[in-house]
Amino acid sequence: MPKKVQPTGDENEEASVPCKRVKEELPETLSVLNFDSPSSFFESLISPIKVETFFKEFWEQKPLLIQRDDPVLAKYYQSLFSLSDLKRLCKKGVYYGRDVNVCRSISGKKKVLNKDGRAHFLQLRKDFDQKRATIQFHQPQRYKDELWRIQEKLECYFGSLVGSNVYMTPAGSQGLPPHYDDVEVFILQLEGTKHWRLYSPTVPLAHEYSVESEDRIGTPTHDFLLKPGDLLYFPRGTIHQAETPSGLAYSIHLTISTYQNNSWGDCLLDSISGFVFDIAKEDVALRSGMPRRMLLNVETPADVTRKLSGFLRTLADQLEGREELLSSDMKKDFVKHRLPPFFEGNGTETMDPGYSSEVKPVRQFLMQGLPLS
């Protein structure tokens with residue numbers, strides 16, 4: 001699926017994601033989540049926590065751990081992605097960097113073990129077993145319909161792009177060093193057990209990804225094991241690290257991320273230029289020239305600062321009561337890159353509230369497996 005998505009974990013090196021591929025027909029899995037609407041889906045995802053409680057007490061504030069002893073849910077989570085899926089997809093064509101990263105955390109640093117070109121399952125499994133490396137699979141919703149359904153519902157619910165990664169980590173190993181992300185993160189434990197440690201943010205609601213050294217992060221605020229069927233949420237900026245305990249076969253978890261570049265600051269950056277352009281058409285003061293040689297000054301003179309402050313106050317007054325802002329880039333990016341509605345396969349599709357009719361034709365290309373420009 002040609003989609004610009006948020007990084008999850010460490011995807012700074014990730015190349016652009018290719019279009020969604022034609023998939024093999026797989027046996028249907030009975031979902032235990034409620035896909036009737038975006039709201040009902042999110043409610044079922046974080047159950048038994050109430051949605052109101054989640055946004056009042058946890059969203060952008062602190063981590064939430066939901067541990068469940070539910071074999072049905074655990075089986076459903078396991079169906080979302082497995083090593084057998086990786087093996088099947090390698091036969092179709094999976095490439096290092098674009099589709100998979102092979103990495104391991106050693107002495108607090110990330111060591112990337114990628115080869116060049118196409119990734120073969122036997123080599124991936126060799127690095128997995130012998131080098132104790134983590135296999136990170138980028139944007140699995142391109143190949144797995146159930147993940148497509150999940151992420152499309154979340155994009156409708158949040159009104160923001162949603163990305164995902166799968167992390168497959170062998171026993172006694174850790175894929176990534178302690179770090180924080182610039183996205184809101186939901187972790188679904190699919191197979192095995194993962195030992196997680198979370199730490200207080202050094203940069204609350206961070207706007208970028210960063211690795212943090214062990215001597216800066218202090219003691220964990222949360223220290224726990226995540227098991228199949230469990231769900232973990234933490235806000236952007238939360239420092240975290242995770243490892244598969246020794247004595248187990250391996251661990252697989254799915255990271256779902258959203259709200260990258262979706263802050264009030266991003267909104268201002270996106271809309272203020274168009275707003276100033278509109279107001280300048282009406283206000284001659286904004287069209288008057290700057291002082292001569294102002295751009296040659298190393299420091300901004302006090303009178304210039306006062307002038308700019310006055311313009312900002314004028315803009316603030318003009319903004320009050322204005323019904324429309326010329327906000328373009330954020331909306332265009334969301335409409336262009338969001339997932340098409342999930343195709344049910346029986347000639348119908350689910351059109352969720354807020355889904356633009358302009359995006360509907362994209363589904364036709366998707367079902368034919370054709371690339372989009």
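**Notebook: one predicted chain, looked up element by element**

I began with the N-terminal end of this predicted model, where pLDDT stays under 50 over residues 1-7, although the model has 44 contacts for that stretch beyond four places in sequence. I then noted a second such stretch, residues 11-18, where pLDDT again stays under 50 and the model has 25 contacts beyond four places in sequence. I set both against the chain as a whole, for which the mean pLDDT is 86, with 83% of the residues reaching 70 or more.

**Whole chain**

I listed the secondary structure next and found 12 helices and 15 strands. Of the 373 residues in the chain, 48% are buried, and the accessible surface comes to about 19000 Å², with 52% of that area belonging to carbon and sulfur atoms. I also looked up how far apart in sequence the contacting residues are: among contacts with a separation of 6 or more, 81% are between residues 24 or more positions apart.

**Serine 47 to proline 48**

I checked the peptide bond from serine 47 to proline 48 and found it cis, with omega near 10°. Proline 48 belongs to the loop between helix H1 (38-45) and helix H2 (51-57).

**Around strand S3**

I placed arginine 98 in the loop between strand S2 (94-95) and strand S3 (100-106). Its side chain is joined to that of aspartate 99 by a polar contact of 2.9 Å. I also took the C-alpha to C-alpha distance from arginine 98 to glycine 117, which is 9.4 Å for a sequence separation of 19 residues.

On the other side of S3, I looked at serine 107, which is in the loop between S3 and strand S4 (109-112). Phi of serine 107 is near 55°, a positive value in a residue other than glycine. Is serine 107 buried or exposed? I recorded it as exposed, because its relative accessible area is 75% and the cut-off is over 50%.

**From strand S15 to helix H8**

I moved on to threonine 258, which is part of strand S15 (residues 250-258). I count threonine 258 as buried because its relative accessible area is 2%, under the 20% limit. Which side chain does that of threonine 258 meet in a polar contact? I found the side chain of serine 160, at 3.5 Å.

Asparagine 261 comes in the loop between S15 and H8, and I noted a positive phi of about 50° there, although this residue is not a glycine. With a relative accessible area of 39%, asparagine 261 falls between the limits of 20% and 50%, so I entered it as partly exposed.

**Helix H8**

I compared the length of helix H8 (residues 264-282) with expectation: at 1.5 Å a residue its 19 residues should span 27 Å, and the end C-alpha atoms are 26 Å apart, so the two values agree. I nevertheless recorded a bend of about 35° in H8, located at serine 271.

Which residues of H8 are buried? My list holds Asp266, Asp270, Ser271, Gly274, Phe275, Ile279 and Ala280, so serine 271, the residue at the bend, is among the buried ones. I kept in mind that an α-helix has 3.6 residues a turn, so residues three or four places apart point the same way. I finally looked up what covers the buried residues of H8, and the cover includes helix H9 (284-287), helix H10 (302-319) and helix H11 (329-337).

Notes: Residues are numbered from 1 along each chain as its sequence is written. This is a predicted model: local features need pLDDT of at least 70, side-chain atom pairs count only at pLDDT 80 or more; totals for chains, interfaces and linings use all residues. Side-chain values use heavy atoms; hydrogens and water are left out. pLDDT is the predictor's confidence in each residue, from 0 to 100. Contact means heavy atoms within 4.5 Å. Helices (H or I, at least four residues) and strands (E, at least two) are DSSP runs, numbered from the N terminus. Buried means under 20% relative accessible area, exposed over 50%, partly exposed in between (1.4 Å probe, protein chains only). A polar contact is a pair of N or O atoms within 3.5 Å; within protein, one must be able to donate a hydrogen and the other to accept it, and residues adjacent in sequence count only if both atoms are side-chain atoms. Accessible areas come from the Shrake-Rupley method with a 1.4 Å probe; for residues, only the protein chains shown count as cover. The expected span of a helix is 1.5 Å times one less than its number of residues. The bend at a residue is the angle between axes fitted to the seven residues ending there and the seven starting there.
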